[in-house]
Amino acid sequence: MKVTAIANSNIALVKYWGKRNEELNLPFNNSISFTMDDQLQTVTTVEFDEKLKKDKVILDGVEANERESARAVKFLDVIRKMAKIKLNAIVVSKNSFPKSAGLASSASGFAALAAAASKAAGLNLTPRELSMLARIGSGSACRSVFGGAVEWRAGKKRDGSDSYAFQLSPPEDWRDLRNVIAIVSEDEKKVSSMEGMKRVKNSALFSCRLKTINERLRVIRNAIKTHNFAEMANAIMQESNNLHAVMLDSWPPVSYLSDVSLEIIKKVIELNESFAEPVAAYTFDAGPNAHIYTTLKHCNEIVKILKDINGVKRIIVCGIGEGIRFSDKHLF
Ligand code: DP6
């Protein structure tokens with residue numbers, strides 16, 4: 001049976017960084033994200049077929065490289081074991097954005113693959129089970145199973161059975177929230193998230209981060225519930241700064257922000273100072289591209305500021321999007 005699933009990428013306000021178990025992608029702390037709209041999505045078709053001698057993975061029209069393919073095969077092995085099947089699969093996947101653009105293609109990629117492959121293997125997973133499965137592919141993918149605002153519960157169990165995402169509020173709940181994305185670099189990152197998260201264990205600041213993160217989670221959770229942008233804005237920016245400070249404190253050091261990223265930070269702070277309350281909040285993942293949260297009212301102003309910054313290559317204005325969906329439009 002051929003199955004096609006669609007998943008959108010997500011961007012965290014409180015970040016997942018550091019693994020208590022690398023095999024199962026179990027984090028130290030909860031994280032909170034918004035799922036992005038359909039501009040940033042992955043469509044994946046999977047079919048298990050007895051005629052195939054090995055798995056075949058096609059990403060954006062070309063055969064996956066060795067690293068990508070090994071990661072996909074390892075993930076398919078998890079699904080085969082769950083479904084008690086031995087068949088090989090063909091996986092065809094298409095991103096609506098360049099894989100290398102630093103826009104978290106692993107989140108939408110593994111969420112779509114988990115959904116399509118598990119169904120194609122005959123499994124009928126609940127959203128929670130799907131989230132746990134997607135997490136094994138890539139941690140942040142567990143949040144892309146759901147739309148709107150999403151929290152990933154870190155859990156405590158060693159087998160990961162209490163580490164999954166759940167929806168805090170649906171996409172239509174906060175209609176005028178926007179994420180203005182400034183693409184600064186389309187180069188593939190030099191230090192992968194996986195490697196960066198290994199190095200963070202050498203950071204003395206990391207334990208301090210874990211002590212303060214619950215309060216940030218509480219503030220952001222509450223602001224999402226009450227649509228209080230000003231309340232969550234400072235927490236978002238402090239969280240991003242804290243993450244990047246911890247990255248720099250890792251050994252060997254990890255640094256993802258560029259001069260252009262720092263210029264964007266400066267401009268957002270200046271903009272907020274010109275108002276009586278914060279109207280924009282920047283956040284950066286493991287790369288130099290900026291995600292600036294704001295409300296519809298201030299969106300054009302932020303686009304204008306970003307356009308004037310030397311080094312900003314592309315701007316995407318993104319709303320809040322949906323979780324996993326299935327489609328009849330197969331890719332092969
Ligand atoms: C900075 O989910 O890509 O974007 O589990 O190793 O695949 P793996 O890592 P990944 O890491 C995402 C890190 C982040 C923060 C976040 O999305 O929470």
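How far is an oxygen atom of the ligand from an N or O atom in the side chain of Ser140? Select the ligand together with Ser140, and the distance between these two atoms is 2.7 Å, which falls under the definition of a polar contact here (a pair of N or O atoms within 3.5 Å). The model is a predicted one, in which local features need pLDDT of at least 70 and side-chain atom pairs count only at pLDDT 80 or more, while totals for chains, interfaces and linings use all residues. Residues are numbered from 1 along each chain as its sequence is written, and side-chain values use heavy atoms, with hydrogens and water left out.

Stay with the ligand and add Tyr16, of which a polar side-chain atom lies 2.6 Å from an oxygen atom of the ligand; then add Lys19, where the corresponding distance is 2.7 Å. The ligand taken alone exposes 460 Å², of which the protein buries 94% (accessible areas by the Shrake-Rupley method with a 1.4 Å probe).

Next, widen the selection to the 17 residues that surround the ligand, the closest being Tyr16, Lys19, Ser138, Gly139 and Ser140 (a residue counts if one of its heavy atoms lies within 4 Å). Coloured by class, this shell shows 6 nonpolar, 6 polar and 5 charged residues, where Ala, Val, Leu, Ile, Met, Phe, Trp, Tyr, Cys and Pro count as nonpolar, Asp, Glu, Lys and Arg as charged, and the others, Gly among them, as polar. Helix H4, residues 193-199, supplies the largest share of the shell, with 3 residues (helices are DSSP runs of H or I with at least four residues, strands runs of E with at least two, numbered from the N terminus).

Now select helix H1 (residues 66-83) and helix H3 (residues 127-137), which pack at an angle of about 145 degrees with their axes 9 Å apart (axes are lines fitted to C-alpha atoms over the stretch in contact, and angles run from 0 to 180 degrees between N-to-C directions). Arg71, Phe75, Val78, Ile79 and Met82 of H1 meet Leu133, Ala134, Ile136 and Gly137 of H3 (contact means heavy atoms within 4.5 Å). These residues divide into 7 nonpolar, 1 polar and 1 charged.

From H1, move to Lys84 in the loop between H1 and strand E9 (88-95), a residue other than glycine with a positive phi, near 55 degrees.

Finish at Pro252, in the loop between helix H6 (229-249) and helix H7 (259-274), where the peptide bond from Trp251 to Pro252 is cis, with omega near -10 degrees.

Conventions: A polar contact is a pair of N or O atoms within 3.5 Å; within protein, one must be able to donate a hydrogen and the other to accept it, and residues adjacent in sequence count only if both atoms are side-chain atoms.
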